[in-house]
Amino acid sequence: MESPQPILKVRDIKVHFPIHKARSWPWEKSPVLKAVDGVSFDLYEGETLGVVGESGCGKSTLARSIIGLVKATEGEILWQDGNIAGLSEKAMRNIRKDIQMIFQDPLASLNPRMTVGDIIAEPLRNYYPELSKDEVLSKVREMMAKVGLLPNVINRYPHEFSGGQCQRIGIARALILKPKLVICDEPVSALDVSIQAQVVNLLKELQQEMGLSLIFIAHDLSVVKHISDRVLVMYLGNEVETAKAEPMYDDPRHPYTKALLSAVPIPDPELEKAKVIELLEGELPSPISPPSGCVFRTRCPIAEASCAQNRPYLMDVGDQHFAACPKA
Ligand SMILES: Nc1ncnc2c1ncn2[C@@H]1O[C@H](COP(=O)(O)OP(=O)(O)OP(=O)(O)O)[C@@H](O)[C@H]1O
């Protein structure tokens, strides 16, 4: 039997944003902000990859580069055997039928002037203009039922819904084209803790039912724990550790992952951020001038002088577990 092939291969992707200074000399090189600085992973059919890291570590930029909302500066995004990094907007249009995204702020991501029915129908109308009104309506109703929205809300507007319900609308819109991959960019961070589990469970159910592959982005490890098959931890645009979910939680190797895991989940994301920062000494460095060598060394409890010299690449520590630290 043939071994399964990844549906998505991300190879050494970099997204650098040029920074335009108010005043500069013509001979000065413009600084760049290294939002993503060399991330690679494979994603298999039906698999969920959790992507975790502090705010500003490049998670959203990585997601946006995969779907072509920002252009990758370097690297390859192999989708169905073609490199889609750097494709034109026109060429990406076809790919986006298969790769959809769910956003963090459910209300802000929905057009306030459109009804729920029209929001969910919009991708269908864009991609399949030949469908009749009745065909579209029946597909919208079917999708609403799948995500747990009652049929009688079809003519209501987004502001009439709670955050959790808005996210159900966003999920229905993302899934109506039956994509193969859905990138969920912090889909529950803006929701009450009591609602978060419902939305995560809904995504899990839909994933099984529709055979979806998921990239699930979150700023803390506890949120992705229940949904991820594998987890990728990012720090300052770099991939610092990746492993199957269990070993990542039971036996983290990178000092940054250890710090993230020891940050006891606190319902308030701001407090939780403060807790991680408290555990790690010092400020998160700027991605415009990241530390030399290991980018984590300035906050690492076990850093040595040599960590300033060489950038550590991911090393195999066994059982598909990789960590970017020579002491891992
Ligand atoms: N279009 C842009 N131009 C310049 N800098 C950008 C742009 N988009 C993102 N950045 C910067 O890139 C870095 C990574 O941002 P990104 O939003 O990807 O991080 P994140 O981990 O998703 O954070 P959050 O959890 O807060 O969304 C940040 O320093 C951000 O300010």
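**Notebook: strand 9, the sheets and the ligand shell**

I started in the middle of the fold and found that Val-52 has Val-233 of strand 9 as its bridge partner. I noted at once that this is a predicted model. I checked the confidence before going on. The mean pLDDT of the protein is 90, and 93% of its residues reach 70 or more. The model scores are ipTM 0.97 and pTM 0.90. I kept one caution in mind: where pLDDT is low, predicted coordinates should not be read in detail.

**Entry 1: strand 9 and its partners**

I looked up the pairing of strand 3, residues 48–52, with strand 9. The two run parallel and are joined by four bridges. I then went to the other partner. Strand 10, residues 238–244, runs antiparallel to strand 9, with six bridges between them. One of the pairs I picked out is Arg-230 with Lys-244 of strand 10. Strands 9 and 10 make a hairpin with two residues between the strands. There I found Leu-236 with a positive phi near 50°.

Is strand 9 buried or exposed? I went through residues 230–235, and six of the six are buried, so the strand is largely enclosed by the rest of the structure. I sorted them by face. Arg-230, Leu-232 and Met-234 are buried on one side. Val-231, Val-233 and Tyr-235 are buried on the other. Both faces are therefore covered, as the burial count leads one to expect of an enclosed strand.

**Entry 2: the eight-stranded sheet**

Next I traced the sheet that holds strand 9. Eight strands form an open sheet in the order 6-7-8-3-9-10-12-11, and the pairing is mixed. I looked at the edges. Strand 6 (99–102) and strand 11 (315–318) each have a single partner strand, so one side of each is left without a neighbour in the sheet. Neighbouring strands here are turned by 20° against each other on average, direction ignored.

I also checked strand 7 (residues 181–185) against strand 8 (residues 213–218). They pair in the parallel sense over five bridges. Cys-184 has Phe-216 of strand 8 as its bridge partner.

**Entry 3: the four-stranded sheet**

I moved to the other sheet. Four strands form an open sheet in the order 2-1-4-5, with antiparallel pairing. Strand 2 and strand 5 (82–83) are the edge strands, each pairing on one side only. Inside this sheet I followed strand 1, residues 6–18, to strand 4, residues 74–79. Five bridges join these antiparallel strands. Lys-14 is matched with Glu-74 of strand 4.

**Entry 4: the ligand shell**

Which residues come nearest to the ligand? Of the 13 around it, I listed Phe-17, Ala-35, Ser-55, Ser-60 and Thr-61. By class, the shell has five nonpolar, seven polar and one charged residues. I asked where they come from. Strand 2 (32–44) and helix 1 (59–66) each supply at least two of them. Helix 1 gives the largest share, three residues.

**Entry 5: helix 1**

I stayed on helix 1. Seven of its eight residues are buried, so the helix is largely enclosed by the rest of the structure. I wrote down the buried set: Lys-59, Ser-60, Thr-61, Leu-62, Ala-63, Ser-65 and Ile-66. Ser-60 and Thr-61 were also on my list of residues nearest to the ligand. After the helix comes Gly-68, with a positive phi near 85°.

Definitions and conventions:
Residues are numbered from 1 along each chain as its sequence is written. This is a predicted model: local features need pLDDT of at least 70, side-chain atom pairs count only at pLDDT 80 or more; totals for chains, interfaces and linings use all residues. A residue is buried if 20 or more other C-beta atoms lie within 10 Å of its own, exposed if 12 or fewer, and partly exposed in between; C-beta atoms are placed from the backbone. Two strands pair if DSSP finds at least two bridges between them. A residue is near a molecule or strand if its C-beta atom, placed from the backbone, lies within 6 Å of it. Ala, Val, Leu, Ile, Met, Phe, Trp, Tyr, Cys and Pro count as nonpolar, Asp, Glu, Lys and Arg as charged, and the others, Gly among them, as polar. Axes are lines fitted to C-alpha atoms, for helices over the stretch in contact, and angles run from 0 to 180 degrees between N-to-C directions. pLDDT is the predictor's confidence in each residue, from 0 to 100.
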